[in-house]
Structure formats: C-alpha cells, structure tokens
Amino acid sequence: MSDLPLVAVVGNPNAGKSALFNVLTGARQKVGNYPGVTVERHVGRLIAADGQAIELIDLPGTYSLDPTSPDEAVTRDVLLGKQKGERLPQALLIVLDASNLDNHLRFALQLIDLGLPTVVALNMVDLAKRDGLELDAARLERELGVPVVETVAVRKRGIADLTARIQELLTGPRLIRAGDGPIHDSLELQRRAREIAMAAIVSETPVRRLTHRLDGLLLHPVAGPLILAAILFVMFQAVFSWSAPPADWLEAQTLAVGQWIAAALPDGLLKSLIVDGIFAGVGAVIVFLPQILILFLFILVLESSGYMVRAAFLMDRLMSHAGLSGRAFIPLLSSFACAVPGIMATRTISDPKDRLTTILVAPLMTCSARLPVYTLIIGAFIPARDAFPGVGLQGLVLFGLYLAGIVGALLAALVLRRTVVKGGGGAFMMELPKYQMPRIADIAIGLWQRALIFLKRAGTIIMATTVVLWAFASFPQAGPGQKQSDVSIAGHIADGIHTVVAPIGFNKDISLALLPAMAAREVAVAAIGTVYSLDAEDEAQAKTLEQRMAGRWSLATALAFLAWFVFAPQCISTIAVTRRETNGWKWPAFMVGYLFVLAYAAAGVTYWTAVAFGLG
C-alpha cells in the first residue's frame, strides 16, 4: 500500500469530476476493482510544482452519503474509512458544477461536515457564464469556509492554482478519523444549499431567478407543505365538480342504451346475460372514466411541470418519522395510480428493509381502482352541497379518504419498522429538475393511455368476473315471490360471508361484492350493479345504481364500506406482484392478513361510531 498523501476526488454525477481527475493525474493512473465489489477504482498521481507526489482517488459520483447503489456505497465507505483495503483519505477535492450549484452544494455541505481538509473546484464556470450565470468564488469560499478555485477541466484552466491549494491542505497535521459521518435533514440541507448558492450569484438570467424564487416558496418548511396540501385538496374537489357533466352524460347514455337493448331482445337467458350481467356490471364501472381521467390530469401536470420531485422532498421529513426514506415517496406516489407499478418501482430502493416496508404499505395508497367505489358511495349517500363556501362536501369526503390511506400507510410503516422489519430509513437526495410548462401533447397522450388501460381492464378482467358472477347469481332461478339474490348460488355464498361481516354493519349486498372484488376493486361496483339488476322490477331498471343503493343501505353501512376499502388489499394482481418481488409467499400472506385485520377493524369502528351517533 502506498504511503503517499491520499486525496479523494468526490462530487455529484456529471460534475466534471473524472475530467478534472484526468487533467490532474495525466497518464499516471491505475484502474482496478475494489476488493469484493465490481466497482472501478481509479487511482492516479498528481505531481505538485515542487515535485511532491500526491495520490488522488476518483470516487464514484453520488448525491449523498446515504448510498443507493454499490458505486455510491463505495464512495461512502471510503470517505468514512470503512472500505476494505483502502486508506482513509487525508483531504477532499470536491468538484461542483457551477451551473447547477444549489443541487451540488447539498452533497458538498455533507462532505465539508466530515471535518477533513477540503478544497472545492468550481468546475465548468465557462458553461455557467454562457448560460448567463456569473458567480462570486470568493463569496462562495467565505460561505463554505473552505478554499474555492474556479476551473474548466476540459480546457485545463485553474489547474495550477488548484494543485497549489491541494498541496497546502497536506501541510497541516494529518487527521485520523473514521465513523458514521454526520446526519442531515434533507430539507434543511437543501435550504442551506440554496441560501449559499444565492449568496454566491452575482447575476443570472430571469428564468433562473424565477426558479430560485419558486423553490424558495414551494420548498419552504411551512408554506411548502401547506401549498402541497392545497394542491391535493383542489385535485380531489375537481374529481367531483369537474367530472359531473361528462359523468352524468355517460350515465344517462348507459341507462338509455341498456333500456333500448332490454326492449329489443326477447326475454331469456341471453337478454339477462347482456342486460343484467355485462351491461349492468361493466356499464356501472365505465361511467367513472371522467373521474379517473381528471385525477390523472393533475398527476401528469404535476409530474411534467417538475413539481412532483419537490413534493417528494417535502414528504421526506414526514416519511422519515415513519421509518421510510424519501426514496419511498415515488413508489408510493405511483401507487395512487395502481399498487402494481408502485411495488415494482421499489426496486430503486437499495435498503432491503426500507424496500420491503414500502412494498407492504403500498396497497394502502388509494389506487385509481378504488375511485369508482368511493365516488359511487359518496354520490349515493353524501349530499352534493357546500361544506364551506366554495368547498364541496363530496370532494371533502374524498380528500379525507385519500388522506386516511396516506396516514394509514405511514402508521403501518412506523409499526412495521419497529416490529417485523426493524431498522431506520436513509436520507433522500436527487437532482431537482427545472420547472417547465407541461406539453399539451404529452398530457393528452398520457390521458389517452390511462383511458385505454381502464377500458381494457373493464373489457377483460371486470367483464369476465361479471359474467361468472352473473352465472352464480342467476342459478337456480327464483320462484314466484322469491328474490333472485336469496335463492342463487351467489346468494348462498353471500350468506356465509355475511355471518363474518355482519358485526361490522355489512349487508348481504356487500357480502356478495367482497369476493369478486378480490380480482379487481372496481368489480365491487360491477357486482352490486349486476345483483341489483337481477332483483329489480321493470320500473326500477330506470333508476341509477346510486338511487337503488340509497334506498337499501343505511348511512352507517355506507361509511363502514368506505372504511373497509381504505385498508383492504382486495386485488390479486397486487398480491401476485408482491410474491414476485419478495421471492416467496411469506410476505404476501403477511400483507393480506394485516390489511384484512386493519380493514375489518376500521369498518367496525366506523359502523359502531356512526350507529352511536344515530346514523344506523
């Protein structure tokens, strides 16, 4: 092992670190792998003006000291003196991209806090000036408390000054230090980085100035979360208020076509299959297409504008209290669309316990498949009036259901991290993208794809399940004076389920819907639609599903049903992908078990409380 002074070259990816390392070391480089890890090890010699040889080690680029990949783990371990076969560096050369200063300063602040002698190379200043950004290196030096040298690695500018500064670092006493490194709050770190960057800026373009002002507001520790909550609140209000005209039109068309088909076909099993089975079941789900598209309109706009990553930063602090890192935010956010891609997105989480916890709580995020159930029950039982001036009661209840899912996920994660998946979550670091106006074409394509997925799901899984349910609900045929739902096979199955769920206020209709809803949550709506259609007299066929439910369910039962759907897993696809991602049936079985217990308890508490208040 060499006894030359060792200086580590560190920085974010794409900061020009390797280009600077190559200029400083020339052809005097060695490349190999770290022992036990297939991560490239670049070591070279820097020859100072007086002939002193200094060993430089080029570490893999990373965003923080909390690794998410083997490359980043090597950087962390070398800097903390934990890398097998590697010496602890005596000094650090931090490389910053001058045009992306506030993002790169986050990691630099973490590195400076390690306490090693440090020099900062403010690299690519020529590109920053080309983009209208002029920086004051002296001011940056005062703010950071370490030497700062302007460099342009590819043009070999500032290299002599930088070499002299590195040599100066090594004239002081040698520091022997190893440990776990300082712990930082990511939001606090981002705010401090932005303050330093703003102080070092002499002039910049209006666009960059606007970006900094927006970040100052949207990432503010008080204003930021309030703005995020307001955006989500408006989103759920819009799901009801904006969707009303197209949803009403779609529902009216569905009813009219259903009545026309019923009049055109002769009585018999074929008519019953088409009208009572396929049309009543699948049609009851399709009418919720406008609500789903409005929800995705908001999600697509927030993603394409650059705000979604900033929302992840805001959520990082809250999620850390639950034992999750901010990296879990993106998979959990994806779960609002569907838990399946959300669970698959957990592959970006390197910590296995963090990843497993995120998988186990992902089904609690309110996926779009729950939306038809929520909007059906809310539309039938919650009056369409304002709770406050300009605030609709129905949208407020929907917002509360989504909030209950988020709070439930965080509480479940907290309990899991302290019991079956013990361990703490890491911090969250990633680049903040630029703000930009969403492209209408991209939004339109995204909505078109979501509509196709929804309609394909309605035409395959939901239709197949509905046909099976229709067969179970149609045989044997009811005699005079009997209700079809009482004598059918489905009715007898529902009787068995009802004995279990009756204590929490569920009626036989709900009992019948729970089993097919395991295939897909929307099938609960289709199942209720099919059974009500089979039981309905001719004049009742003209009523909407909401109108029929309002006359058969109590408010306490409806609220309990909503509480059940906040927590129940009820999707075979989610269980299957959990099995695949965890390589076995142990964790899917655990997930299904704890979610059903949660759902049963939540529905029971809701029902018993509502009955106590006279709503039963």
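**Exercise 1. Overall make-up**

How many helices and strands does the chain have? Then describe its extent, burial and surface.

*Solution.*
- Step 1. Start with secondary structure. The chain has 27 helices and eleven strands. The model is a predicted one.
- Step 2. Take the extent. Along its principal axes, the C-alpha trace spans about 110 × 50 × 45 Å.
- Step 3. Take burial. Of the 616 residues in the chain, 53% are buried.
- Step 4. Take the contacts with a separation of 6 or more. Residues 24 or more positions apart account for 74% of them.
- Step 5. Take the surface. The chain exposes about 26,400 Å². Carbon and sulfur atoms supply 63% of that area.

**Exercise 2. Charge balance**

How many positive and negative side chains are there, and how far apart do the centres of the two sets lie?

*Solution.*
- Step 1. Count the charges. There are 52 positive side chains and 49 negative ones.
- Step 2. Compare the centres. The centres of the two sets lie 4 Å apart.
- Step 3. Turn to charge pairs. The whole structure holds 16 salt bridges.
- Step 4. Look for linked pairs. Arg-139, Glu-143, Arg-192 and Glu-195 form a network of salt bridges.

**Exercise 3. Helix α9**

What span does helix α9 reach from its first C-alpha to its last, and which of its residues are buried?

*Solution.*
- Step 1. Locate the helix. Helix α9 covers residues 223-241, which is 19 residues.
- Step 2. Compute the expected span. At 1.5 Å a residue, 27 Å is expected. The expected span uses one less than the number of residues.
- Step 3. Compare. Helix α9 reaches 26 Å, close to the expected value.
- Step 4. List the buried positions. Gly-224, Leu-228 and Met-235 are among them. So are Phe-236, Gln-237, Ala-238, Val-239 and Phe-240.

**Exercise 4. Three salt bridges**

Take the acids Asp-126, Asp-161 and Asp-354. Which arginine does each one pair with? Classify the partners as buried, partly exposed or exposed.

*Solution.*
- Step 1. Asp-126 forms a salt bridge with Arg-155; their closest N and O atoms are 3.6 Å apart. This pair links distant parts of the chain, 29 residues apart. Asp-126 is in helix α4 (residues 125-130), while Arg-155 is in the loop between β8 (148-151) and α6 (159-169).
- Step 2. Classify that pair. Asp-126 has 21% relative accessibility, so it counts as partly exposed. Arg-155 has 54%, so it counts as exposed. The cut-offs are under 20% for buried and over 50% for exposed.
- Step 3. Asp-161 pairs with Arg-165, the closest N and O atoms being 3.9 Å apart. Both residues lie in helix α6, four residues apart, or about one turn of the helix.
- Step 4. Classify again. Arg-165 is partly exposed because its relative accessibility is 22%. Asp-161 is partly exposed because its relative accessible area is 41%.
- Step 5. Asp-354 pairs with Arg-417, with 3.6 Å between the closest N and O atoms. Distant parts of the chain are linked here too: Asp-354 is in helix α16 (residues 352-361) and Arg-417 in helix α18 (residues 393-418), 63 residues apart.
- Step 6. Classify the last pair. Asp-354 and Arg-417 are both buried.

**Exercise 5. The surroundings of Ala-524**

Is Ala-524 buried or exposed? Which residues is Ala-524 in contact with, leaving aside its neighbours within four places in sequence?

*Solution.*
- Step 1. Place the residue. Ala-524 is in helix α23 (residues 523-535).
- Step 2. Read the accessibility. Ala-524 has a relative accessible area of 1%, so it is buried.
- Step 3. List the contacts beyond those neighbours. They are Val-373, Ala-513, Ala-517 and Phe-565.
- Step 4. Check a separation. Ile-440 is 84 residues away along the chain, and the two C-alpha atoms are separated by 34 Å.

**Exercise 6. Backbone angles**

Where do Pro-476, Asn-14 and Lys-156 lie? Give the backbone angle to note at each.

*Solution.*
- Step 1. Pro-476 is in the loop between α19 (440-474) and α20 (484-487). The peptide bond from Phe-475 to Pro-476 is cis, with omega near -10°.
- Step 2. Asn-14 lies in the loop between β1 (6-11) and α1 (17-25). Its phi is near 65°, a positive value in a residue other than glycine. Asn-14 counts as exposed because its relative accessibility is 69%.
- Step 3. Lys-156 lies in the loop between β8 and α6. Its phi is positive, about 60°, although Lys-156 is not a glycine. Lys-156 is exposed because its relative accessible area is 63%.

Key: Residues are numbered from 1 along each chain as its sequence is written. This is a predicted model: local features need pLDDT of at least 70, side-chain atom pairs count only at pLDDT 80 or more; totals for chains, interfaces and linings use all residues. Side-chain values use heavy atoms; hydrogens and water are left out. Helices (H or I, at least four residues) and strands (E, at least two) are DSSP runs, numbered from the N terminus. Buried means under 20% relative accessible area, exposed over 50%, partly exposed in between (1.4 Å probe, protein chains only). Contact means heavy atoms within 4.5 Å. Accessible areas come from the Shrake-Rupley method with a 1.4 Å probe; for residues, only the protein chains shown count as cover. Lys and Arg count as positive and Asp and Glu as negative; His and the chain ends are not counted. The place of a charge is taken as NZ of Lys, CZ of Arg, CG of Asp or CD of Glu. A salt bridge is a side-chain nitrogen of Lys or Arg within 4 Å of a carboxyl oxygen of Asp or Glu.
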